[in-house]
Amino acid sequence: MENIICVAGKNDIAVNAVKYLLNDLHIDKKNLRIIANSTDDGIDSWQPSFKKFAQDNDILEVTQKDVYDIENLIFISLEFNKIIRPEKYKTKQIYNMHFSLLPAYKGMYTAVLPLINGETKGGVTFHYIDAGIDTGDIIKQKTYDIELTDTARDIYFKNLKYSFELFKEVIEDVLNNNIKSHPQPNTGASYYSKQSIDFSNIQIDYNKTAFEIYNQLRAFIFPEYQLPKINDKEIYKCILTEEKMPANQLIEKDDCFEISGIDYYKVIAYKK
């Protein structure tokens, strides 16, 4: 019996994964199912619409309920925005691509929080879905460097790039049910809920080192969603310098703000 493959999600990662299944692994369309995120309006924007892709390629779009009873189902979540309850499925082959190096950064805002926390490494994890939030056994991971100049937008695109690379590395083993996995360790684990950050009221804490101030600013630079503000002026770019100035200063100039942390180092934040 041939597998039925259901890909649920959005954006480049979901579209590219299904293209790979069709064009490189030659999976028949009749064996594919797609679940687009509820926010997908069927129109391409700065990211491709998964719903539109399904419609353009005559791939059957379904709901989770439609696939609960398929015993030969392979379910893959790629940026899917709905809760998945594995106990409702007849299959045990339920997988997720999470945009962090689990067990760290379970939950939300995986392009923002690593920058706020000054991380120098990021990555993506392909894992089993269990009843918890990003707590399933790890199948494989891919690591990348977080550069000092990276913004949240840069991290998101790195997540898209490396998750697709990881998908290509694991998918044939997934299709053949030839998976090796291991439980997540309890050390190094962290979780952030949707309430962790209020994007409607982003506050920059200036009573920090210049590095910490800089990290806060770049963590919210994602023009398609939001930009950080200083004195109600949007900031599109910031630079951490080796220059020094008196501590805890905020000086507005025509095109930028000069900010110093408690350690005297200067951050330059450019106005949009």
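This dialogue considers a helix pair, a sheet and one strand residue in a predicted model.

Biologist: At what angle do helices α1 and α5 pack, and how far apart are their axes?

Modeller: Helix α1 (residues 11–23) packs against helix α5 (residues 152–175) at about 25°, and their axes are 9 Å apart. Angles under 35 degrees count as roughly parallel, so α1 is roughly parallel to α5. The crossing of the two helices is right-handed.

Biologist: Which residues make the contact?

Modeller: From α1 come N11, D12, I13, N16, A17, Y20 and L21, while α5 supplies Y156, L160, S163, F164, F167, K168 and I171. Sorted by class, the contact of α1 with α5 has nine nonpolar, three polar and two charged residues.

Biologist: What is the strand order in the open sheet?

Modeller: The order is β10-β11-β14-β13-β12, with antiparallel pairing. Strands β10 (229–230) and β12 (250–252) each have a single partner strand, so one side of each is left without a neighbour in the sheet. Within the sheet, six bridges join β11 (residues 233–244) to β14 (residues 265–271). One pairing to locate is that of I235 with its bridge partner K271 in β14.

Biologist: Which strands does helix α6 lie across?

Modeller: Helix α6 (residues 210–219) lies across β10, β11, β13 (256–260) and β14, and runs at about 155° to β11.

Biologist: Why is T143 classed as partly exposed?

Modeller: Partly exposed covers the range between the 20% and 50% cut-offs; T143 is placed there because its relative accessible area is 47%. T143 lies in strand β8 (residues 138–145). Leaving aside residues up to four places away in sequence, T143 touches L101, K121, G122 and G123.

Technical notes. Residues numbered from 1 in each chain as written. Predicted model: local features only at pLDDT ≥ 70, side-chain atom pairs only at ≥ 80, totals over all residues. Heavy atoms only, no water. Helix = DSSP H or I, 4+ residues; strand = E, 2+ residues; numbered from the N terminus. Buried < 20%, exposed > 50% of the residue type's maximum accessible area, 1.4 Å probe, protein only. Contact = heavy atoms within 4.5 Å. Axes fitted to C-alpha atoms, helices over the stretch in contact; angles between N-to-C directions. Parallel < 35°, antiparallel > 145°, perpendicular 65-115°, else oblique. Left-handed = near helix turned anticlockwise from the far one by under 90°. Nonpolar A, V, L, I, M, F, W, Y, C, P; charged D, E, K, R; others polar. Pairing = 2+ DSSP bridges.
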